[in-house]
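Visitor: I've just been handed this structure and could use a walk through it. Could you take my questions one by one?

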Amino acid sequence: MTQNENPADSPVLRKDENGVCHLTLNRPKAYNALSMGCMEALIAQFEALSKDPDIRVVIISGSGKGFCAGHDLKEMMGEGTEAFFEKTFATCSKMMTLIHTLPQPVIAKIHGIATAGGCQLVAVCDLAVAEEGARFATPGVNIGLFCSTPMVPLSRTVARKHALELLLMGDMISAQRACEMGLINRVTPQDELDAAVLEMAEKLASKSPLTLKIGKGAFYRQIDMTLHDAYDMCVKTIVGNMMTHDAQEGISAFMEKRKPTWTGT
């Protein structure tokens with residue numbers, strides 16, 4: 001579904017502009033809680049984006065007062081079955097994994113709160129920018145439900161002690177503290193958030209889409225490998241990268257002091 005097909009009540013809105021896809025979680029009354037419908041809509045968008053050569057960067061944001069409050073507990077408890085719980089968390093895991101496999105860089109634009117599965121969504125995005133007033137937490141431990149699935153990307157994004165602090169304490173932390181931990185990249189004043197994220201997106205969109213795809217894919221493949229295996233894989237990756245048109249063009253443009261022309265090949 002593209003920006004031209006968005007019904008107003010869709011749980012996820014899409015707008016494409018100058019190679020940048022803006023995905024907006026659209027459940028403001030529920031603080032953009034991740035209902036089954038919302039997650040399935042995101043999965044559909046990610047699957048479409050993986051095949052869309054016109055999109056260079058993806059930005060995920062939330063409507064209303066906050067970014068995302070995590071899973072829709074009201075929906076889950078309304079269903080109340082083990083089968084629905086399993087489906088919910090499996091669907092969420094698929095959705096999160098698709099972000100890593102997208103060829104485009106994904107930026108989280110955070111305002112208000114990002115808690116539980118919302119904090120997980122921040123952690124799984126490639127880059128993240130938050131307004132000064134944003135707050136983050138994995139508070140499941142406070143209600144008897146440890147944030148086990150949010151723990152997966154969180155423990156791979158921040159240092160172990162920081163991850164355990166968030167998971168075991170369940171406390172809200174400030175945007176500045178989240179930046180210090182490495183959960184997000186930047187903190188901006190509220191009125192500068194849109195401009196800061198767009199500047200980052202436009203800078204990414206100006207680079208070779210093929211090079212970004214190669215680099216992002218290699219990053220997530222090597223991160224859990226042994227040092228030896230990581231180097232072996234990355235040697236093959238950079239040799240293959242060197243043989244692409246965009247690498248040859250980029251190197252030539254650098255040596256000739258001109259702007260490169262990317263073809264994505």
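What follows is a chat about this predicted model.

Visitor: Let's start with the sheet. Which strands are its edge strands?
Guide: The sheet is an open one of six strands, with mixed pairing, and the order runs β1-β2-β3-β4-β6-β9. An edge strand pairs on one side only. That describes β1 (12–17) and β9 (186–188).

Visitor: By how much are neighbouring strands of this sheet turned against each other on average?
Guide: Take the six strands in their order, β1-β2-β3-β4-β6-β9. Ignoring direction, the average turn between neighbours in this sheet comes to 20°.

Visitor: Back to β1. Which residue in the turn of its hairpin with β2 has a positive phi?
Guide: β1 pairs with β2 (residues 20–25) in the antiparallel sense, over six bridges. Along that pairing, L13 sits opposite T24, and R14 sits opposite L23. Two residues lie between the strands of the hairpin, and the one in the turn with a positive phi, about 55°, is N18.

Visitor: Which residues make up the uncovered face of β1?
Guide: In a regular strand, side chains alternate between the two faces of the sheet. In β1, the covered face has V12, R14 and D16. The uncovered face is made up of L13, K15 and E17.

Visitor: How many disulfides does the structure hold?
Guide: A disulfide is a covalent bond joining the sulfur atoms of two cysteines, and the cut-off here is a sulfur pair within 2.5 Å. For C92, the closest cysteine sulfur is in C68, at 8.7 Å, so that pair is too far apart for a bond. C179 has its closest one in C119, 14 Å away, again too far. The count for the structure is zero.

Visitor: Is C179 buried or partly exposed?
Guide: Buried means under 20% relative accessible area, and partly exposed runs from there up to 50%. C92, at 1%, is buried. C179 has 23%, so C179 is partly exposed.

Visitor: Now the domains. Which three residues supply 55% of the area that domain 1 buries against domain 2?
Guide: The domain assignment gives domain 1 (7–206) and domain 2 (209–256), with 27 Å between their C-alpha centres. Contact involves 12 residues of domain 1 and six of domain 2, and the two bury about 720 Å² between them, 57% of it on carbon and sulfur atoms. No other three residues of domain 1 supply more of its share than R56, H100 and P103.

Visitor: Which residues is P209 in contact with, leaving aside neighbours within four places in sequence?
Guide: P209 lies in helix α9 (residues 209–222). At 23% relative accessibility, P209 counts as partly exposed. R186 is 23 residues from P209 along the chain, and their C-alpha atoms are separated by 23 Å. The contacts of P209 are R56, D246, W262 and G264.

Visitor: One more: which residues does L154 touch, not counting those up to four places away in sequence?
Guide: You'll find L154 in helix α5 (residues 148–155). L154 has a relative accessible area of 1%, so L154 counts as buried. L102, 52 residues away in sequence, is 19 Å from L154, C-alpha to C-alpha. The residues that L154 touches are A123, T138, A163, L166, L167 and L183.

Definitions and conventions
Residues numbered from 1 in each chain as written. Predicted model: local features only at pLDDT ≥ 70, side-chain atom pairs only at ≥ 80, totals over all residues. Heavy atoms only, no water. Pairing = 2+ DSSP bridges. Helix = DSSP H or I, 4+ residues; strand = E, 2+ residues; numbered from the N terminus. Axes fitted to C-alpha atoms, helices over the stretch in contact; angles between N-to-C directions. Buried < 20%, exposed > 50% of the residue type's maximum accessible area, 1.4 Å probe, protein only. Domains from an automatic or database assignment. Contact = heavy atoms within 4.5 Å. Buried area = accessible area lost by both parts, 1.4 Å probe.
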